[in-house]
Amino acid sequence: MKKHSARVAPLSSYSTQVLTCPNSEGEDGSESHAETPGSDTSQESQFYQSCTNTALKVVGGLLMVLCVSSSWVGTTQVVKLTFQSFSCPFFISWFSSNWNILFFPIYYSGHVVTTREKQTPIQKFRECSKLFGEDGMTLKLFVKRTAPFSILWTLTNYLYLLSLKKLTATDVSVLYCCHKAFVFLLSWIVLKDRFMGVRIVAAIMAITGIVMMAYGDGFHGDSFVGVALAVGSASTSALYKVLFKMFLGSASLGEVAHFLSTMGFFNLIFISCVPLILYFTRVEYLGSFSSLPWGYLCGLAGLWLVFNILVHVGVVLTYPILISIGTLLSVPGNAAVDVLKHEVIFSVVRLAATCIICLGFLLLLLPEEWDSVTLRFLATIADKKTEEHGEELTDSSVHTRTRSRANGAVTIPMA
């Protein structure tokens, strides 16, 4: 009995392991099944919301295109009307540039209406002044940053107005569209942007159109001078945009509004001496204060301000390509006004130059990845045609089999 007796260890020495049943499968499964409809619903809602936002952005962009083109056409035509009774282009440019001071007040009004954030105008102005540096805007930075842009802005407007005294509104608006080609060339040289062959072709087309426009009247007279002035305006505009992209490329809308208002103050303080010099030297004699056409001047300055606001705000709210299309549409708008109201007759050479410049402008709007996107699109179309052709072959083979069976033909399988 002693030999066969077994020693039994106490129960406490056994480590009892608790086995958990895989009930989590059912629970997790139920949870996943419960979460799946909600996730699908959220994905669908996000999809519909993104589609709605895209549709609203496109519709807003189309309205922005119409507003940009109409404001630019109105600005150009009002300038032509103003020159009939008041021929002082630099004073008009200076007076219109002073209205840039209203940029920041208009931006702040829209900011207060659209957001719940409550900031005083001084607080918002100081926040946006960080564009000049961490310490804000000082007198030295004010002159250093604002002076080059303000001078280029004034030169662009002044040369544009001078060209309108020599050429029709259609010709000037077409030549001004060449600034897009100059922007590409300067960005390629200065900013080291990506080289694109199609944009080089567009730049060559723009230069060809300029030469043809100058050749329209035989390289002499007011036509040649007007073409040179319009090209100079486009060149200074391109230089302004490249420098703006270089120094203020990542600026927000508030900072841009702050900067443009600062340019308006610089124009009012420092460039006011130029109209006085032109007045006393009798280069631009203004006459009495009451004899000035204030209606035309205020209308012109207001339209110019609306155009600049739409350009800068539209780039943020909608697609930038639509703003460029709006500028291009000013060409047919001015042509319609010139033909219907001023009874202008365009020569064949000028029409050909206009078409070449507009085509080059459209080529400049192509995105950087346009070639790969086009190849993918063509490959997709080729695949669809191949599938359709295969389906037609299968349908035709089925049709011939049914006809052979109907005629009593019997096919004997080969062993």
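The lining of the largest pocket in this predicted model leans on nonpolar side chains: by class there are 26 nonpolar, 11 polar and 7 charged residues. The space inside comes to about 1,500 Å³. In total, 44 residues line this pocket, and the closest to its centre are Lys180, Val183, Lys241, Val315 and Ser324. As for where the wall comes from, the elements giving two or more residues are α5 (139–166), α7 (179–189), α9 (221–248), α10 (253–270), α12 (294–317), α13 and α15 (348–364).

Next in line is the second largest pocket, with a volume of about 260 Å³. Its lining is made of 14 residues, and Ile106, Tyr107, Gly110, Leu253 and Val313 are the ones closest to the centre. Three helices, α3 (103–114), α10 and α12, each put at least two residues into this lining. The top contributor is α3, which gives 6 residues. Sorted by class, the second largest pocket has 10 nonpolar and 4 polar residues in its lining, with no charged ones. Charged residues do turn up around the largest pocket, where there are 7 of them. Helices α10 and α12 are worth keeping in view here, since both are also listed among the elements that line the largest pocket.

Then there are the enclosed spaces. Searching the whole structure for cavities of 30 Å³ or more turns up 2. The largest cavity holds about 50 Å³ of space. Around it sit Ser96, Ser97, Trp99, Asn100, Trp153, Asn157, Ala301, Trp304, Leu305 and Asn308. Helices α2 (89–98), α5 and α12 are the elements with two or more residues in that lining, and α12 gives the most, with 4 residues. The class split for the largest cavity is 5 nonpolar and 5 polar, with no charged residues. Helix α12 thus shows up once more, having already supplied at least two residues to the lining of the second largest pocket.

The second largest cavity has a volume of about 30 Å³. Its lining consists of Cys177, Cys178, Lys180, Ala181, Ala206, Ile357, Gly360, Phe361 and Leu364. Helices α7 and α15 each supply at least two of these residues, with α15 giving the most at 4 residues. By class, this lining breaks down into 7 nonpolar, 1 polar and 1 charged. Lys180 is a handy landmark for anyone browsing the model: this residue lines the second largest cavity and is also among the residues closest to the centre of the largest pocket. Helices α7 and α15 likewise appear in the lining of the largest pocket, each with two or more residues.

That leaves one helix pair. Helix α13 (residues 320–328) packs on helix α14 (residues 330–340) at an angle of about 20 degrees, and their axes are 4 Å apart. An angle under 35 degrees counts as roughly parallel, so α13 is roughly parallel to α14. On the α13 side, the residues involved are Gly326, Thr327 and Leu328, and these meet Ser330, Val331 and Pro332 in α14. The contact is split between 3 nonpolar and 3 polar residues, with no charged residues taking part. Helix α13 ties back to the pockets as well, being one of the elements that give two or more residues to the lining of the largest pocket.

Key. Residues are numbered from 1 along each chain as its sequence is written. This is a predicted model: local features need pLDDT of at least 70, side-chain atom pairs count only at pLDDT 80 or more; totals for chains, interfaces and linings use all residues. Side-chain values use heavy atoms; hydrogens and water are left out. Axes are lines fitted to C-alpha atoms, for helices over the stretch in contact, and angles run from 0 to 180 degrees between N-to-C directions. Angles under 35 degrees count as roughly parallel, over 145 as roughly antiparallel, 65 to 115 as roughly perpendicular and the rest as oblique. Contact means heavy atoms within 4.5 Å. Ala, Val, Leu, Ile, Met, Phe, Trp, Tyr, Cys and Pro count as nonpolar, Asp, Glu, Lys and Arg as charged, and the others, Gly among them, as polar. On a 1 Å grid over the protein atoms alone, a cavity is a set of points where a 1.4 Å probe fits but cannot get out, and a pocket is an open set with protein on both sides within 12 Å along at least five of seven lines; lining residues have an atom within 4 Å of a point. Grid points are joined across faces, edges and corners, and a volume is the space filled by probe spheres set on the points.
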